[in-house]
Amino acid sequence: MSEKPSQSKPIIVRNKESEVDIYTAVSKYEEKQTANRDENNDSAIYFNTLHKWQDIMKWNYELKNKENSPKEKLEEYKNDVIHLFLILKKLNRLDKIRSKQKKDLLNKKKQEIDSKHLQQENLLNELFYLKKEISKCLQYKSSDSDIDLVPLETFRLESPDSADYIDTLKSGLINEHDLHIKRLQWEFEQRQTQQQQCDEVEKNKETILSEIQEESRILQSILPMLKDIRTAAQPLQQSFGLTPCQARSYADIVNLLPKPLYYLYIQTDAYRVACKSKFTVSINGDEEEARRFDSNKNNIVDTNSDEEIDVPKPKKRYHKKSRTDTKSVQQKSLLSKHPLSVKLTLSLKNNTQFVMEFFYLVNLNLITVTVTSSWSGFSSSYSRELLSPSSILDALFSGDNGKESPHIVNFHQLEEEKTEFNTMEVGKPYIWAQSICGLDFLNPSVPNFLISRNHIAQVLKAINNRLKTRLSLITQLDCSDLERRFSVNGINLISVLSPWNTMAWENFIKLEYCKPHVEFGTVTENDLLFKRVINYKTATLTVVMVIKCDYPKSNPIFTLQLNMPTTNEGMSVLNSTNNNSVRELEREINVFHEQIEDEDINEMLINIIGRLVVCFEVMMETWGHLDFPKTKTILYNIRGRARNHPFKAVKHHSGIIFEHR
């Protein structure tokens with residue numbers, strides 16, 4: 001077998017840069033072709049090519065099945081198939097390029113739409129901000145409107161240039177604003193003049209006070225001289241048989257007090273002097289009647305102790321009294337008071353004054369307290385409820401409401417005479433009142449001085465704190481700037497709050513959503529009840545707040561009811577008995593009380609009420625209702641099987657974020 005001479009193959013040197021350039025050039029050429037070629041024509045070419053492919057494959061199959069198939073024809077079919085395959089690959093590349101170009105164009109359009117949408121959102125936010133600022137400007141109220149200016153007629157008569165101002169106002173040369181400025185300037189000048197006059201009067205007052213002090217010093221220096229004269233005149237008075245004149249001292253009245261009130265007086269007076277407290281102690285009552293009362297008591301003791309003397313008493317005729325008259329006399333004598341009483345007066349800010357008067361019931365051996373108060377500047381119904389003299393000292397200590405006598409013997413005495421203890425007439429027998437008067441009912445015969453001394457400071461501090469707390473509660477209930485307080489922390493409040501109103505116990509126990517608190521004993525008849533309404537757009541939240549007598553030791557209790565419109569133009573009433581969201585809101589405010597370190601007691605209730613309003617708005621915004629769009633940053637609307645709301649506020653560098661507990 002002859003070997004064929006080996007032929008050397010041509011050596012082809014390929015440069016990578018040339019390949020890259022060719023590929024780039026071909027890619028650019030095909031991209032230009034996609035721009036110039038019609039897609040429909042390419043689609044038609046594609047389908048025609050497929051049909052030709054099918055025909056050639058069919059012919060090739062038939063030709064191969066023949067016995068003597070011509071190889072030239074098969075080779076021709078093979079070349080045609082390769083040509084058609086190259087055409088299909090070409091069309092495929094063009095289709096890929098078109099798809100890529102359209103995707104790029106689609107992404108570009110999407111980016112343009114997103115940028116325009118973001119620009120629209122920014123413009124809407126800016127529009128909302130400008131509307132809010134415009135409303136603030138329209139609602140702006142200058143402080144000069146609160147100044148009580150003199151009437152216009154008085155200004156016309158007293159001001160030298162007022163006639164010119166009024167004439168120019170009528171002619172239209174100046175407006176009412178300029179006239180108001182002129183009146184303010186004239187008022188300022190007048191007040192400066194009055195201030196100078198007031199300073200002169202103060203100087204005269206100081207001069208007169210210094211003169212009074214000098215005269216009082218002279219009078220005090222005369223007192224020792226008078227005592228010497230009195231001592232020197234005693235022999236002369238004795239020689240003439242005259243009784244020496246006695247100086248009346250205040251201690252005589254103190255000695256007439258019964259032992260419990262005597263201990264109360266000296267202990268409170270000593271505490272006032274030692275601690276420099278701003279209260280006064282005085283003795284009220286008829287001194288002469290007290291002396292007669294004391295002498296009659298001594299006479300009774302003497303006659304009972306003198307058993308050896310037996311003197312026959314003359315018979316007297318008495319008119320027979322009816323049984324009812326005798327019974328009423330016995331009842332009155334059982335509740336009779338000592339003629340003297342001790343009065344304790346506490347003066348606080350805002351011209352508020354509280355007077356506590358302590359009485360001693362002689363036959364019951366019991367101390368009772370009556371309270372009278374006077375204040376100015378408080379006109380609301382809840383201020384009268386908080387400062388009510390009949391209940392302001394109730395529960396000063398745990399379980400001490402003053403409704404019944406702490407002395408067990410008194411119960412049987414009143415039961416024997418079928419008499420009720422009327423606290424409106426004789427006062428309330430608080431346990432702390434017995435303690436500061438030294439009464440110990442384990443040994444009731446003799447008052448103990450040590451008991452009074454050990455309890456006086458604690459009781460007076462508790463009374464002072466109770467009065468200050470009630471005044472602070474009135475100030476917090478009067479607060480109407482919750483929006484400003486919470487806007488400082490980054491939370492905008494939209495709700496409108498109505499003023500607080502007091503609520504009667506009978507109305508409270510009739511409410512279905514309040515009955516569970518009454519049944520479990522968390523709310524009693526002695527607690528203070530208040531009611532208000534919070535409106536957030538179309539939703540109305542009724543808030544019933546219960547404040548314990550020992551506030552702020554016990555936190556307030558809130559019961560809620562939500563009224564909101566339904567889709568069929570009705571009204572749905574939701575509360576803790578039929579809705580889990582309202583129940584969760586009550587639990588958030590009543591249980592999860594966020595105690596802040598060094599929290600001011602004067603801000604405590606305001607913070608709780610503000611937190612209630614914030615949580616209410618968060619609850620309405622997370623329901624997904626169209627009437628309540630989101631105005632706060634909330635991560636998740638609801639979570640868990642119970643569909644809990646994000647009531648927990650967390651501080652973030654971008655603001656306040658609400659999340660779930």
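# Group meeting talk: a walk through a predicted model

Hi everyone, let me start with a single residue: E512 is exposed, with a relative accessible area of 52%. It counts as exposed because the cut-off for that word is over 50%. One thing to keep in mind throughout is that this is a predicted model.

E512 has a partner. Its side chain forms a salt bridge with K515, and the closest N and O atoms are 3.3 Å apart. K515 is partly exposed, at 30% relative accessibility. If salt bridges are new to you, the general idea is simple: side chains of opposite charge can pair when their charged atoms come close.

Now let's step back and look at the whole chain. How many helices and strands does the protein chain have? There are 20 helices and 13 strands. The chain has 661 residues, and 31% of them are buried. Its accessible surface comes to about 45600 Å², and carbon and sulfur atoms account for 53% of that. What about contacts along the chain? Taking the contacts with a separation of 6 or more, 63% are between residues 24 or more positions apart.

Back to salt bridges. The count comes to 14 salt bridges, and I'd like to show you two more of them.

Please find E30 and K90. Their side chains meet in a salt bridge, at 3.6 Å from N to O. This pair links distant parts of the chain, with E30 in helix α1, residues 16-36, and K90 in helix α3, residues 71-139, 60 residues apart. Is E30 buried or exposed? E30 is buried, with a relative accessible area of 6%, and that label applies because buried means under 20%. K90, on the other side of the pair, is partly exposed, at 22% relative accessibility. There is also a third member here: E30, K90 and R93 are linked in a network of salt bridges.

The next pair is D42 and R98. They form a salt bridge whose closest N and O atoms are 2.4 Å apart. This one also links distant parts of the chain: D42 belongs to helix α2, residues 39-65, R98 belongs to helix α3, and the two are 56 residues apart. Both D42 and R98 are buried.

Let's move to the surface and look at helix α6. Which residues gather in a patch of negative charge on the surface? They are D199, E200, E202 and E206. D199 is in helix α6, which covers residues 176-239. With 36% relative accessibility, D199 counts as partly exposed.

There is a nonpolar surface patch to see as well. I218, L219, I222, L223, L226 and I229 make up a patch of about 550 Å². I218 lies in helix α6, and at 41% relative accessibility I218 is partly exposed.

Next, some backbone details. Most residues other than glycine have a negative phi, and most peptide bonds are trans. Here are three places to check against that.

The first stop is A395. Its phi is near 55°, a positive value in a residue other than glycine. You will find A395 in the loop between α11 (381-386) and α12 (408-417). A395 is buried, with a relative accessible area of 18%.

Then there is K537, with a positive phi of about 60° although it is not a glycine. K537 sits in the loop between β7 (528-536) and β8. Is K537 buried or partly exposed? K537 is partly exposed, with a relative accessible area of 44%.

Our last backbone stop is the peptide bond from Y551 to P552, which is cis, with omega near 10°. P552 is in the loop between β8 (539-547) and β9 (557-565).

Since β8 has come up, let's finish inside that strand, at T542. T542 is buried, with a relative accessible area of 10%. What is T542 in contact with, leaving aside its neighbours within four places in sequence? The answer is Y513, K531, R532, V533, T559, L560 and Q561.

That's my tour. Thanks for listening, and please try finding these residues in the structure yourselves!

Conventions: Residues numbered from 1 in each chain as written. Predicted model: local features only at pLDDT ≥ 70, side-chain atom pairs only at ≥ 80, totals over all residues. Heavy atoms only, no water. Patch = residues over 30% accessible without salt bridge, like charges linked within 9 Å, V, L, I, M, F, W, Y side chains within 5 Å. Areas by Shrake-Rupley, 256 points an atom, 1.4 Å probe, with all protein chains shown as cover. Salt bridge = Lys/Arg side-chain N within 4 Å of Asp/Glu carboxyl O. Lys, Arg positive; Asp, Glu negative; His and termini not counted. Charge placed at Lys NZ, Arg CZ, Asp CG, Glu CD. Helix = DSSP H or I, 4+ residues; strand = E, 2+ residues; numbered from the N terminus. Buried < 20%, exposed > 50% of the residue type's maximum accessible area, 1.4 Å probe, protein only. Contact = heavy atoms within 4.5 Å.
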